[in-house]
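Colleague: May we go through the contacts between the two chains and the helix that lies at them?

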Amino acid sequence: MEIKVVKDILGANEQIAQKNRQLFDSNHVLAVNLMSSPGAGKTSLILETIKRLKGKTRVGVVEGDISSSLDAEAIGKEGVPVVQINTGGECHLDANMTSTALGSVPLKDVDLLLIENVGNLVCPAEFALGEHKKILISSTPEGDDKPFKYPLMFHEADVVLINKIDLLPYLKFNTDAFSRAIKGINQKVEIFPISCTTGEGIEKWVSWLLTQMSRRQS
Amino acid sequence: MHELAITQSMLDLVLEQAEKAEAKSVGKINLVIGGMTGVVGDCVQFYFGFLSKGTSAEGAALSFKVIPTTAKCRDCDKHFELKEFDWTCPYCQSNNMEIVAGKELFVESIEVE
């Protein structure tokens with residue numbers, strides 16, 4: 001006997017993601033999911049963002065890593081609430097892991113929650129966490145062909161941050177071709193070139209975040 | 001790499017449906033996978049082998065229908081398959097397109113006894 005199913009395989013994840021989203025909304029928290037390949041600068045970006053937002057908004061961080069708590073320790077020094085998730089081998093965060101971590105985040109004392117996903121350009125694109133915005137950090141040494149290699153990630157992103165632009169003089173990275181390829185398949189995307197080392201462009205990213213937060217609150 | 005989690009979710013969904021139908025065993029699972037998802041059928045097959053052990057879906061055959069990543073040109077409205085390293089419309093050379101297929105990831109049907 002054949003049974004018609006036609007159900008999304010990740011439907012269960014989606015349901016938990018929606019509950020997470022409700023939790024963010026009821027606490028007036030803007031949640032962003034930061035995704036990139038390993039070493040593109042997710043943690044550096046979080047540290048820069050926290051520094052620039054000090055006194056302007058209350059930031060919380062969820063750190064996803066396969067193992068270790070090195071990143072959480074670095075972020076904890078900045079005096080913001082941080083919860084580490086060790087996925088124990090899984091190459092991405094999912095809605096359930098996020099939901100468990102949220103139990104340890106003081107959401108009432110947080111306006112902006114930065115969720116650092118596991119460094120990987122494939123798997124995190126599939127698993128919604130309940131976030132409001134997906135942020136992709138792509139760094140210049142990775143090459144300008146990345147949109148073609150990981151189309152789903154670039155298609156899903158609300159923002160692409162081109163990090164390590166201070167290295168552009170030493171690389172064959174065509175920023176225009178890179179941006180054109182992404183915009184071709186993702187009309188809504190906003191692209192900000194940044195450097196977490198020199199601080200260039202970070203102000204624009206931070207003001208984008210503040211705009212999103214004020215939009216949500218109004 | 002995400003196939004382990006995806007296979008587990010797929011198996012949960014299949015077992016839930018089989019139980020609802022009061023089936024004794026699942027003989028075949030028909031899956032639809034979009035080209036953009038990067039899900040590798042061989043990996044799903046491999047994980048399914050051990051995840052399904054001892055369940056009513058143990059030994060079930062997996063069938064994969066792969067949907068190519070398809071775009072619609074926003075300038076000339078024509079549909080075309082997205083090539084790996086060339087994101088231009090083959091009809092009018094525009095770079096402005098909308099992805100209309102390739103993100104599918106679902107269980108279409110199961111065959112049970």
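Colleague: Which residue of β6(B) stands opposite I3(A)?

Modeller: This is a predicted model, in which local features need pLDDT of at least 70, side-chain atom pairs count only at pLDDT 80 or more, and totals for chains, interfaces and linings use all residues. Residues are numbered from 1 along each chain as its sequence is written, and chains are lettered from A and ligands numbered from 1 in the order in which they are written. Strands (DSSP runs of E, at least two residues) and helices (H or I, at least four) are numbered from the N terminus, and two strands pair if DSSP finds at least two bridges between them. β1(A) and β6(B) run antiparallel, joined by 5 bridges, and the residue opposite I3(A) is I110(B).

Colleague: Which element gives the largest share of the side of chain A that touches chain B?

Modeller: Counting C-beta atoms, placed from the backbone, within 7 Å as a contact, 27 residues of chain A meet 29 residues of chain B. Elements giving two or more residues to the chain A side are β1 (2-8), α1 (11-26), α6 (151-156) and α7 (175-185). The largest share, 7 residues, comes from β1(A).

Colleague: How far apart are the end C-alpha atoms of α1(B), and what span should its 18 residues have?

Modeller: The expected span is 1.5 Å times one less than the number of residues. For residues 3-20 of chain B this gives 26 Å, which agrees with the end C-alpha atoms, as they are 25 Å apart.

Colleague: What phi does E22(B) take?

Modeller: E22(B) comes just after α1(B). Its phi is positive, at about 55°.

Definitions and conventions
Two residues are in contact if their C-beta atoms, placed from the backbone, lie within 7 Å.
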